[in-house]
2 protein chains.
Amino acid sequence: MRSARSLNSDRPIVADKRAAILRAAIRVFAHNGYFNSKVADIASEAGVADGTVYLYFKSKEEILHSIFDRSMEEAIAAGRKQLAQTEDPREKLRSIALLHLERLGDDRDLAVVFQVELRGSTKFMEEFSAAGFAEYLNLIRSTFEEGQRAGVFRPELNAKVVAKILFGALDEMATNWILSKRRYKLAPMADQVLDIFLNGVSAK
Amino acid sequence: MRSARSLNSDRPIVADKRAAILRAAIRVFAHNGYFNSKVADIASEAGVADGTVYLYFKSKEEILHSIFDRSMEEAIAAGRKQLAQTEDPREKLRSIALLHLERLGDDRDLAVVFQVELRGSTKFMEEFSAAGFAEYLNLIRSTFEEGQRAGVFRPELNAKVVAKILFGALDEMATNWILSKRRYKLAPMADQVLDIFLNGVSAK
DNA sequence: CCTCAATGAGTGGCTATTCATTCAGCCGTA
DNA sequence: TACGGCTGAATGAATAGCCACTCATTGAGG
């Protein structure tokens, strides 16, 4: 039904279908919630048979895992890259925030999965947070500490707490954006948050 | 099995059992997650038969609703009361924050249900947020606006955004506290958050 | 005796996962 | 070039297990 390269014939096909199923799953999870989504829904959304899903994923849960892993990996990579291109710690934090909200603002379905569906279970939260979120928080924290050493930020502040505050504020912007009926751009909120945040943590 | 007042005989009994079931549900939901919790688990935790649950609640979902409604109502009432006893807008916000974290810090199971389980579905989020969260955010917002009028807070800031930032920061403190393996007091975090927050939003 | 809260075994509906079957493309052979 | 398996990706009907919810029955209190 689908044409494929001849050598290494499985790779391109596999990647295609895996990706299609993942994209379908994001859409379905976003609309119905993880627990109310049927594997059959995902399959039909992806245009494959029910059983095909199990050729690419061990279980429904693994699909959710994969969504998280892939997205978080991308996000962190993008974040690091951005950090490498910036000097001023204040601007670094601004970049992280902007990237964070841009990424979610560009894909509402993915945002719903991240802000809502992934939070819906302590089990997921613990597993996931250990890996991905913690790393992300550390990215923020170490950037802040860098700024403290540079004398830009108030030295007496606990960097861990500061990181959580910034993350929490951004996270809430995203969640509110999803739940809001009004349609507005998410990314520009980053500046409003950063304004207050930087004003609160800057030295002098 | 349980003794009761003679007149109006249903009220005391009903209240007792309803409350017992709710308390049990909080515990069970906190440990297994809403979707992985069986009604039978709740019943046995509450020390009643499966069917008894349905004498007090229409469905499993209604139990979750009730937990949210009751707790949110209490929290908002407590918040309003506290606000009435305070003058300075800065102190008002500090009180709200402290109350917020104290309440969650005092009951870990309830906190898990609030921070994790209640977020796990867009459907819930939309229904709930419309009612409870929005009201809570408004409480913060109007307090902030009061402070703006009094010249305490920077007048150019968007109060709605400011409210979300504060709420988001507190919310993240709570979520992190739940997921953390280390045991620490949650309430004192309020001061650290408020320090940075107030520093960020204060006039001058 | 009544009444009615409480019980808990049974039912119905649902859905994740499995697996026997199909079939498209490919290769060796004539 | 034409043919006849062969491979394994894809299918989707069937299974197996789970669990919210019902309701006929019980028995304590009055």
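**Entry 1: the fold of chain A**

How many helices and strands does chain A have? I counted through the predicted model and got 9 helices and 0 strands for chain A. Reading along the sequence, I wrote the pattern down as α-α-α-α-α-α-α-α-α. I also looked up the extent of the C-alpha trace of chain A, which spans about 65 × 40 × 30 Å along its principal axes.

**Entry 2: α4 and α5 in chain A**

Next I looked at a helix pair in chain A. Helix α4 (residues 60-84) and helix α5 (residues 89-105) of chain A pack at an angle of about 150°, and their axes are 10 Å apart. Angles over 145 degrees count as roughly antiparallel, so I put α4(A) down as roughly antiparallel to α5(A). I noted the crossing of α4(A) and α5(A) as right-handed.

Which residues make this contact? From α4(A) I listed A:A75, A:A78, A:G79, A:Q82 and A:L83. From α5(A) I listed A:K92, A:S95, A:I96, A:L99 and A:R103. Sorted by class, the contact of α4(A) with α5(A) has 5 nonpolar, 3 polar and 2 charged residues.

**Entry 3: what packs on α8 in chain B**

I moved to chain B and took α8 as my reference helix. Helix α5 (residues 89-105) of chain B packs against helix α8 (residues 159-179) of chain B at about 25°, with the axes 10 Å apart. Angles under 35 degrees count as roughly parallel, so α5(B) goes in my notes as roughly parallel to α8(B). The crossing of α5(B) past α8(B) is right-handed.

For the side chains to look at here, I have B:L93, B:A97, B:H100, B:L101 and B:L104 in α5(B). They meet B:L166, B:L170, B:M173 and B:A174 in α8(B). I sorted the residues of the contact of α5(B) with α8(B) into 8 nonpolar, 1 polar and no charged.

What else did I check against α8(B)? Helix α6 (residues 108-115) of chain B has an axis that comes within 10 Å of that of α8(B), and the two cross at roughly 120°. That angle makes α6(B) oblique to α8(B). This time the crossing, of α6(B) and α8(B), is left-handed.

On the α6(B) side I found B:A111, B:V112 and B:Q115, and on the α8(B) side B:A174, B:T175 and B:I178. The contact of α6(B) with α8(B) divides into 4 nonpolar, 2 polar and no charged residues. I marked B:A174 in my notes, since I had it in the α5(B) contact and again in the α6(B) contact.

**Entry 4: where the two protein chains meet**

How many residues of chain B are in contact with chain A? I got 35 residues of chain B in contact with 35 residues of chain A. On the chain B side, the elements giving two or more residues are α7 (122-149), α8 and α9 (189-201). α8(B) turned up again here, giving the largest share with 12 residues. By class I have 17 nonpolar, 11 polar and 7 charged residues on the side of chain B that touches chain A.

I then laid chain B on chain A. A turn of 180° with a shift of 0.0 Å along the axis does it, at an RMSD of 0.0 Å. That is the relation of a two-fold axis. I also compared the interface residues: 100% of those in chain B are interface residues in chain A too, so the copies meet through the same surface.

**Entry 5: the DNA strands**

Which residues are closest to DNA strand D? I found 18 residues around DNA strand D, the closest being A:V48, A:A49, A:G51, A:T52 and B:G51. The elements supplying at least two residues each are α1 (10-32) and α3 (50-56) of chain A with α2 (39-46) and α3 (50-56) of chain B. α3(A) gives the most, with 4 residues. I split the surface near DNA strand D into 7 nonpolar, 5 polar and 6 charged residues.

For DNA strand C I found 18 surrounding residues, the closest being A:K38, A:G51, B:A49, B:G51 and B:T52. Here α2 (39-46) and α3 of chain A and α1 (10-32) and α3 of chain B each supply at least two residues. α3(B) has the largest share of the surface near DNA strand C, 4 residues. My split for the surface near DNA strand C reads 7 nonpolar, 5 polar and 6 charged residues.

Key. Residues numbered from 1 in each chain as written. Chains lettered and ligands numbered in written order. Predicted model: local features only at pLDDT ≥ 70, side-chain atom pairs only at ≥ 80, totals over all residues. Axes fitted to C-alpha atoms, helices over the stretch in contact; angles between N-to-C directions. Parallel < 35°, antiparallel > 145°, perpendicular 65-115°, else oblique. Left-handed = near helix turned anticlockwise from the far one by under 90°. Contact = placed C-beta atoms within 7 Å. Nonpolar A, V, L, I, M, F, W, Y, C, P; charged D, E, K, R; others polar. Near = placed C-beta within 6 Å. Least-squares fit on C-alpha atoms with pLDDT ≥ 70 in both.
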